[in-house]
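Work through the exercises below with the sequence and the model side by side. Try each task before reading its solution.

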Amino acid sequence: MLITQLKSKETIASLASGKAFIIICHGCKEVSFPEKEVAALVKELTESGKVTGSITTDYICNPENMKLRLEKHMGEIEEADVVLVCSCGVGVQTIAEYLENKKVCACCDTYPLPGGQGVTPLEYDCQQCGECYLNLTGGICPITACSKSLVNGQCGGSKNGKCEVDPDMECGWERIYRRLEMVGRLDVLKCPTQIRNFATDVDVK
């Protein structure tokens, strides 16, 4: 299973500089989910007038269930500048794919525990690296979407949009570029070089 942990207050405040719609997933809360901290975050943002709406549900990584829930709130979502998602990386990627024209950001980092994760039938993956990059890459994980897990852009070996390691696999960084272009966030690629903190990755300890 997994552990989700809220990002720092400063990080979340920078993500919610405008109006925000908040999605909270309790699908894996029986393992470890910062329920009280998330409730306090939603209360604080709501009182500041920054929240257009919010929903709490189970397993947003189940796209059929998630779609039905979101359809009831599309007006509030359209009104928001950003959709903040409190879940593991799989949930964030599911929301980002569905709301492809909207800025979708992760409020949590995900850490692994032995066992399975999520119920999504889609091909999303979260390596649970403890250092979520989804806010910089348009909701597409560079660790799992790229065969080399590159966090600073593509390697230059892709051909016709396909990965040089696996010709049947779409280049993850080309996907990221197209998504950022779609939501008008190509400026994100100008950010300083991202250095991955492997100390947060249980698998390499």
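## Exercise 1: Place Cys 171

Cys 171 sits in the loop between α7 (142-145) and α8 (172-182). Helices (H or I, at least four residues) and strands (E, at least two) are DSSP runs, numbered from the N terminus. Residues are numbered from 1 along each chain as its sequence is written, and side-chain values use heavy atoms, with hydrogens and water left out. This is a predicted model: local features need pLDDT of at least 70, side-chain atom pairs count only at pLDDT 80 or more, and totals for chains, interfaces and linings use all residues.

**Task.** Decide whether Cys 171 is buried or exposed, and list which residues it touches.

**Solution.**
- Step 1. Apply the cut-offs: buried is under 20% relative accessible area, exposed is over 50%, and partly exposed is in between (1.4 Å probe, protein chains only).
- Step 2. The relative accessible area of Cys 171 is 8%, so this residue is buried.
- Step 3. Count a contact when heavy atoms are within 4.5 Å. Setting aside residues up to four places away in sequence, Cys 171 touches Gln 154, Ser 158, Gly 161, Lys 162 and Cys 163.
- Step 4. Check a C-alpha distance too. Pro 142 is 29 residues from Cys 171 along the chain, and their C-alpha atoms are separated by 9.9 Å.

## Exercise 2: Hunt for disulfides

**Task.** How many disulfides does the rule give, and why is Cys 105 in no bond?

**Solution.**
- Step 1. Recall the chemistry: a disulfide is a covalent bond between the sulfur atoms of two cysteines.
- Step 2. Set the test: a pair of cysteine sulfur atoms within 2.5 Å.
- Step 3. By this rule, the count is zero.
- Step 4. Take Cys 105. Its closest cysteine sulfur is in Cys 107, at 7.7 Å, which is too far for a bond. Cys 105 is buried, at 0% relative accessibility.
- Step 5. Take Cys 146. The nearest cysteine sulfur belongs to Cys 155 and is 6.5 Å away, and Cys 146 is in no disulfide. Cys 146 is buried as well, with a relative accessible area of 13%.

## Exercise 3: Build the sheet around β4

**Task.** Which strands pair with β4, and in what sense?

**Solution.**
- Step 1. Start with the whole fold. The protein has eight helices and six strands. Along the sequence they read β-α-β-α-α-β-α-α-β-α-β-β-α-α.
- Step 2. Use the pairing rule: DSSP must find at least two bridges between two strands.
- Step 3. Strand β2 (residues 20-25) pairs with β4 in the parallel sense over five bridges. In this pairing, Phe 21 stands opposite Val 83.
- Step 4. Strand β5 (residues 104-106) runs parallel to β4 and is joined to it by three bridges. Here Val 85 stands opposite Ala 106.
- Step 5. Follow the connection. β4, α6 and β5 form a right-handed β-α-β unit. Right-handed means that, with the strands pointing away from the viewer, the path from the first strand over the helix to the second runs clockwise.
- Step 6. Look at cover. Five of the five residues of β4 are buried. Val 82, Leu 84 and Cys 86 point one way, while Val 83 and Val 85 point the other way.
- Step 7. Add another pair. Strand β1 (residues 2-6) and strand β6 are antiparallel, with five bridges. Ile 3 stands opposite Tyr 111 in β6. Strand β6 (residues 108-112) has four of its five residues buried, so it is largely enclosed by the rest of the structure.

## Exercise 4: Read the environment of Ser 87

**Task.** Where does Ser 87 lie, and which residues is it in contact with?

**Solution.**
- Step 1. Ser 87 lies in the loop between β4 (82-86) and α6 (89-98).
- Step 2. Its relative accessible area is 3%, so Ser 87 is buried.
- Step 3. Beyond neighbours within four places in sequence, Ser 87 is in contact with Thr 4, Cys 25, Ile 60, Val 92, Cys 108 and Thr 110.
- Step 4. A polar atom of the Ser 87 side chain lies 3.4 Å from the backbone nitrogen of Val 92.

## Exercise 5: Check the backbone

**Task.** What is the phi of Tyr 59, and what is that of Ser 149?

**Solution.**
- Step 1. Most residues other than glycine have a negative phi.
- Step 2. Tyr 59 has a positive phi, near 50°. This residue lies in the loop between β3 (51-57) and α4 (63-71). Tyr 59 is partly exposed, at 29% relative accessible area.
- Step 3. Ser 149 also has a positive phi, about 55°. Ser 149 is in the loop between α7 and α8. At 22% relative accessibility, Ser 149 is partly exposed.

Definitions and conventions
Polar contact = N/O pair within 3.5 Å; in protein donor to acceptor, adjacent residues only side chain to side chain.
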